[in-house]
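Student: Please take a close look at a single part of this structure with me, and explain each term as you go.

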Amino acid sequence: MAGMTRTADGTGTGRRVSEARERLLRTAGQLFYAEGIHTVGVDRLVAESKITNATFYRHFRSKEDLAVAYIESVDHAVRAQIDALTAADVPTDGILRGIGASLVEQIRSPGYRGCAFLNAGAEFPDPGHPVHRAVVQHREWFLRTVTGLFAEIATAQADHAGRHFVMLRDGAMSAGYLGDPVLAGETLLRGIDGLLRIHAARGVDEPTAAAPGRAPAAASAAAAAAEVPGIECSPPGA
């Protein structure tokens with residue numbers, strides 16, 4: 001745009017400043033995930049993002065505000081991925097198996113440091129802290145979403161199945177970082193398979209609960225995994 005001021009550190013206006021913010025958020029996500037939020041200081045974030053202090057504070061009042069934006073960015077990515085899945089022609093059990101398969105792939109990936117949400121929650125244990133609240137909001141949404149998928153298979157005890165799924169996921173992501181990622185992934189998939197079989201049996205006498213336009217819940221885990229994109233609980237590029 002004519003007349004737009006652009007500087008090398010992103011202190012101009014318009015698109016350049018937006019690029020600087022995105023670069024800062026991307027850098028923060030990678031460092032926060034790899035090393036911890038408390039460990040990484042503003043000076044390092046500024047230096048590695050190639051911006052100025054003025055640019056940093058133009059976008060974020062503090063490092064904690066940036067940490068909230070980091071958690072929200074991972075949350076938005078997960079929401080977009082699952083929204084795409086639920087809108088696609090993927091069986092309900094295929095979505096749940098696919099989420100598990102994607103988590104297994106993440107657990108086994110280089111640089112894996114556990115779940116970004118669990119890590120941030122541990123760093124900010126105060127329930128009233130904005131970072132902690134952002135983590136809780138994501139987890140509440142994820143539980144509602146998973147529970148809704150189980151309710152499509154069988155309404156009976158869908159809330160129990162949803163909580164069970166989330167606990168399987170949490171345990172696998174922690175065990176995959178602290179222990180053997182291969183065994184953690186295999187255990188997660190076996191747990192999801194058993195949970196789905198038990199839950200589907202509850203719906204044998206129920207009317208078909210699949211959402212309009214959704215295929216019957218009959219896809220295999222392998223077929224589902226082939227159709228399902230990654231469900232990330234770590235920032236892109238971490």
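Tutor: What follows looks at one helix and two of its partners. This is a predicted model, in which local features need pLDDT of at least 70 and side-chain atom pairs count only at pLDDT 80 or more, while totals for chains, interfaces and linings use all residues. Residues are numbered from 1 along each chain as its sequence is written, and side-chain values use heavy atoms, with hydrogens and water left out.

Helix H5 covers residues 92-107 and packs against helix H8, residues 158-178, at an angle of about 15°, with the two axes 10 Å apart (helices are DSSP runs of H or I with at least four residues, numbered from the N terminus; axes are lines fitted to C-alpha atoms over the stretch in contact, and angles between N-to-C directions run from 0 to 180 degrees). That makes H5 roughly parallel to H8, a word kept for angles under 35 degrees, as roughly antiparallel is for those over 145. From H5, Leu 96, Ile 99, Leu 103, Gln 106 and Ile 107 meet Phe 165, Arg 169, Ala 172, Met 173 and Gly 176 of H8, contact meaning heavy atoms within 4.5 Å. These residues divide into seven nonpolar, two polar and one charged (Ala, Val, Leu, Ile, Met, Phe, Trp, Tyr, Cys and Pro are nonpolar, Asp, Glu, Lys and Arg charged, and the others, Gly among them, polar).

The second partner is helix H9, residues 181-202, whose axis comes within 9 Å of that of H5 and crosses it at roughly 170°, so H5 and H9 are roughly antiparallel. Among the residues making this contact are Asp 93, Arg 97 and Val 104 of H5, and Pro 181, Leu 188 and Asp 193 of H9. By class, the contact of H5 with H9 has ten nonpolar, two polar and three charged residues.

Notes. Helices (H or I, at least four residues) and strands (E, at least two) are DSSP runs, numbered from the N terminus. Angles under 35 degrees count as roughly parallel, over 145 as roughly antiparallel, 65 to 115 as roughly perpendicular and the rest as oblique.
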